[in-house]
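What follows is a walk through one protein model, taken a few residues at a time. Please look at the sequence and the structure before reading on.

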Amino acid sequence: MSFAVYPGSFDPFTLGHKDILLRSSKIFDKVIVAIGENHSKNNLFTVEERINDINNEINDIGIENNASVESFSGLIVDFARSKNANILIKGVRGPVDYDYELQMAGMNSTMNPDIETIFLISRPEFSYISSSLVKQIAFMRGDYSNFVSQIIQDSIKQKI
Ligand code: PNS
């Protein structure tokens with residue numbers, strides 16, 4: 001069985017995240033979406049709200065048999081080890097993501113050489129989507145319906 005962890009902030013979970021999750025679920029036997037509890041970030045959604053939304057996304061895709069969602073605090077390599085997962089999945093939209101992810105992959109692999117980071121390149125139609133910009137558009141009363149699913153649109157409407 002191949003266990004993979006897909007970590008991120010997912011505030012909110014975008015169509016780009018959803019596509020990476022769907023593609024990962026076809027490659028690995030089990031994918032755990034891992035929400036990093038980063039208290040320094042100014043999040044729109046609580047961890048519990050994000051877990052609820054991502055669970056709804058998992059059900060919407062129909063991959064509840066091989067995907068789940070949890071939160072974690074501390075190091076992602078420790079969380080992965082605690083789940084017997086040796087693969088980290090990262091979506092890469094372009095060179096800026098790649099530079100940052102390369103650093104993290106290198107340091108994670110030095111801390112735990114058993115863990116491999118696998119990069120999935122974003123599909124072109126999702127490569128420009130960012131959670132931060134979705135929030136900015138929402139706060140400015142713009143139309144963000146091309147960037148997040150109906151599930152997330154409904155959640156944003158309850159907040160803003
Ligand atoms: O969606 P994001 O904000 O890029 O997600 C970043 C996240 C949560 C994946 C990353 O910050 C992370 O792995 N945090 C856990 C702490 C950790 O392991 N830090 C060392 C990384 S080398």
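In this predicted model, a useful place to start is Asn-108, which touches Ile-76, Val-77 and Leu-88, leaving aside residues up to four places away in sequence. Asn-108 is part of helix H4, which spans residues 95-111. Is this residue buried or exposed? Asn-108 counts as buried because its relative accessibility is 9%, and the cut-off for buried is under 20%.

From here the text turns to the nonpolar cores. In soluble globular proteins, nonpolar side chains tend to be buried together. In this model the largest nonpolar core holds 29 residues, and those with the most contacts inside it are Tyr-6, Leu-21, Ile-54, Ile-89 and Ile-156. At least two residues of this core come from each of the strands S1 (3-8), S2 (30-36), S3 (67-72) and S4 (87-92), and from each of the helices H1 (15-27), H2 (47-61), H5 (131-139) and H6 (150-159). The element that gives the most to this core is S2, with 3 residues.

Ile-54 shows how such contacts look for one residue. Not counting residues up to four places away in sequence, Ile-54 touches Phe-10, Phe-13, Val-33, Ile-35 and Val-69. A second core, separate from this one, has 11 residues, including Phe-72, Val-77, Ala-80 and Ile-115. Val-77 is also one of the residues that Asn-108 touches.

Next comes helix H2. H2 has 15 residues, and the span from its first C-alpha to its last is 21 Å, close to the 21 Å expected at 1.5 Å a residue. Which residues of H2 are buried? They are Val-47, Arg-50, Asp-53, Ile-54, Glu-57 and Ile-58. These residues lie on the same side of H2, because they cover an arc of only 145° around the axis. An α-helix has 3.6 residues a turn, so residues three or four places apart point the same way. What covers the buried residues of H2 includes H1, S2, S3 and H6. Just after H2, Gly-62 takes a positive phi of about 85°.

H1, one of the elements covering H2, has 13 residues and reaches 19 Å from first C-alpha to last, close to the 18 Å expected at 1.5 Å a residue. The buried residues of H1 are Gly-16, His-17, Lys-18, Asp-19, Ile-20, Leu-21, Arg-23, Ser-24 and Ser-25. At the N-terminal end of H1, Thr-14 acts as a cap, with a side-chain oxygen 3.2 Å from the backbone nitrogen of Gly-16.

Technical notes. Residues are numbered from 1 along each chain as its sequence is written. This is a predicted model: local features need pLDDT of at least 70, side-chain atom pairs count only at pLDDT 80 or more; totals for chains, interfaces and linings use all residues. Side-chain values use heavy atoms; hydrogens and water are left out. A nonpolar core is a set of buried Ala, Val, Leu, Ile, Met, Phe, Trp, Tyr and Cys residues joined through side-chain atoms within 4.5 Å. Buried means under 20% relative accessible area, exposed over 50%, partly exposed in between (1.4 Å probe, protein chains only). Helices (H or I, at least four residues) and strands (E, at least two) are DSSP runs, numbered from the N terminus. Contact means heavy atoms within 4.5 Å. The expected span of a helix is 1.5 Å times one less than its number of residues. The arc is that of the directions from the helix axis to the C-beta atoms. A polar contact is a pair of N or O atoms within 3.5 Å; within protein, one must be able to donate a hydrogen and the other to accept it, and residues adjacent in sequence count only if both atoms are side-chain atoms.
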